[in-house]
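Here is a protein chain to look over. The turns below ask how each label is earned.

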Amino acid sequence: MTNIRVLILNNYPMDRVVQEVDLKETPDQVLFGVNRIHEYGFEPIFLPYPAIGRWSKFQTLLGRFRIPLELGDLQQQMLALQLSSQADLVYAPCGSQTHLLQYLRALGLYKVPIVTLMHHSFLKGKLDFLRNWQRSLFIRGADKLPCLSKALTKDLRGIGANHTKLALLEWGTDLEFYGPWQPPGFGVIATGRTGRDFLTFAKAIAQSRCHGTVIGLQGQLDNPIFHTSSNLKIIEARNEQPVPGENRGWLKYPELCQHMRNHGAIAIPLFAQRNLAGLTSLMDVLGLGRAVLMTRNRHIDIDIEAEGIGFWLEPGDVDGWVQCLNWVQDHPGEIQDMGRRARKMAEGKYGSHHFSTRLAKLLKSVL
């Protein structure tokens with residue numbers, strides 16, 4: 001049987017991450033299914049990132065003029081156009097790369113089906129009247145737009161996406177990477193990079209009876225509150241890309257997981273969000289089997305309170321964080337039960353194997 005050839009366009013180097021997954025340095029959910037689709041008859045062809053050439057230089061030049069034209073990654077897409085005769089399908093694990101290809105497909109000028117995994121809604125701005133036609137073409141040019149949240153599917157329907165193009169694709173975590181469930185430690189740890197409100201968390205730790213840890217990048221934690229609270233530990237990682245198999249870059253995932261494993265609960269403090277943020281850390285919560293304290297975000301579909309794995313907080317609510325942190329300190333048995341329930345969710349439909357199976361079915365549906 002001939003494999004179905006799939007061009008993979010992404011906004012970080014998939015080939016590097018494949019190496020990290022093979023070396024057990026990273027959980028495979030960050031590959032968004034591309035490492036498993038060969039099991040379903042697909043042959044992934046990774047296009048380089050960053051893609052450097054004359055088209056990337058042209059795109060940099062365009063950026064200097066601040067023209068409100070959303071083109072995606074021109075260099076990657078030009079390579080995809082050259083490889084069109086060798087491709088049966090295009091899969092973009094991130095919605096930032098394939099704008100031009102989808103414009104061309106909407107106009108009937110590109111024949112290869114396109115599936116684009118959507119993480120975020122289109123941001124609103126002053127020049128939306130110049131971008132709306134582009135977004136309409138973007139939607140028309142995609143054969144499927146699977147989304148990581150229900151709120152995102154609603155947003156896309158609101159700007160004209162046909163329900164037949166949309167699909168909810170719940171992300172899943174790599175159970176094999178996290179290993180067998182282990183009983184929780186003590187205290188609360190906050191990690192992550194996107195949209196993190198570590199300052200609110202640090203203020204709450206300082207006013208609570210709970211010990212906490214924050215892991216951030218160098219230069220991210222300069223406020224004095226991070227260094228004056230006796231019950232707050234700070235770990236600063238180097239702000240550079242990791243190198244597979246080498247001890248370089250920010251914290252390797254196994255070391256990060258060990259820090260999270262040593263705590264009773266994982267905190268995901270966020271600024272007020274209009275987009276998906278915190279979902280990667282929530283996958284860690286499920287994989288490790290830990291309780292979670294998280295700022296409310298409409299783009300997170302898992303209701304952590306209804307599932308009995310944690311508590312929602314409002315953006316910037318220091319008092320609410322203090323109450324939750326003290327509760328964690330006083331209820332170690334309940335915290336352990338929450339963690340067990342979180343792990344069972346990962347062992348069910350929130351596993352990366354399930355995500356890959358649903359993705360493969362969706363990819364085949366457009367052929």
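Two strands pair if DSSP finds at least two bridges between them. The model discussed here is predicted.

Q: Why are strand 8 and strand 9 called a pair?
A: Pairing takes at least two bridges. Six bridges join strand 8 (residues 212–217) to strand 9, and the two run parallel. Six satisfies the rule, so they count as paired. One of the contacts can be named: V214 has I234 in strand 9 as its bridge partner.

Q: What makes strand 9 an edge strand?
A: Strand 9 (232–237) pairs on one side only. Strand 12 (310–313) is the other edge strand. The open sheet has six strands in the order 9-8-7-10-11-12, with parallel pairing. Neighbouring strands in this sheet are turned by 20° against each other on average, direction ignored.

Q: Which strands does helix 12 lie across?
A: Helix 12 (residues 318–330) lies across strand 7 (188–190), strand 10 (265–268), strand 11 (291–295) and strand 12. The helix runs at about 180° to strand 11.

Q: Why does the radius of gyration of the chain agree with a compact globule?
A: A compact globule of 367 residues would have a radius near 21 Å. The chain has 21 Å, so the values agree. The C-alpha trace spans about 65 × 50 × 40 Å along its principal axes.

Q: Why is the contact between R5 and D88 called a salt bridge?
A: The cut-off is 4 Å between side-chain nitrogen and carboxyl oxygen. R5 and D88 meet at 3.4 Å, N to O. That is within the limit, so the label holds. R5 lies in strand 1 (residues 4–8) and D88 in the loop between helix 3 (74–82) and strand 3 (89–92), so the pair ties together parts that are 83 residues apart in sequence.

Q: What makes E176 exposed and K24 partly exposed?
A: Exposed means over 50% relative accessible area, and partly exposed lies between 20% and that value. E176 has 59%, so it is exposed. K24 has 47%, so K24 counts as partly exposed. These two residues form a salt bridge, with the closest N and O atoms 3.2 Å apart.

Q: How do you know that D155 and R298 link distant parts of the chain?
A: D155 is in helix 6 (residues 150–158), and R298 is in the loop between strand 11 and strand 12. They are 143 residues apart. Their side chains meet in a salt bridge at 3.1 Å, N to O.

How values were computed:
Residues are numbered from 1 along each chain as its sequence is written. This is a predicted model: local features need pLDDT of at least 70, side-chain atom pairs count only at pLDDT 80 or more; totals for chains, interfaces and linings use all residues. Side-chain values use heavy atoms; hydrogens and water are left out. Helices (H or I, at least four residues) and strands (E, at least two) are DSSP runs, numbered from the N terminus. Axes are lines fitted to C-alpha atoms, for helices over the stretch in contact, and angles run from 0 to 180 degrees between N-to-C directions. Contact means heavy atoms within 4.5 Å. The radius of gyration is taken over C-alpha atoms; the globule rule is 2.2 Å times the number of residues to the power 0.38. Buried means under 20% relative accessible area, exposed over 50%, partly exposed in between (1.4 Å probe, protein chains only).
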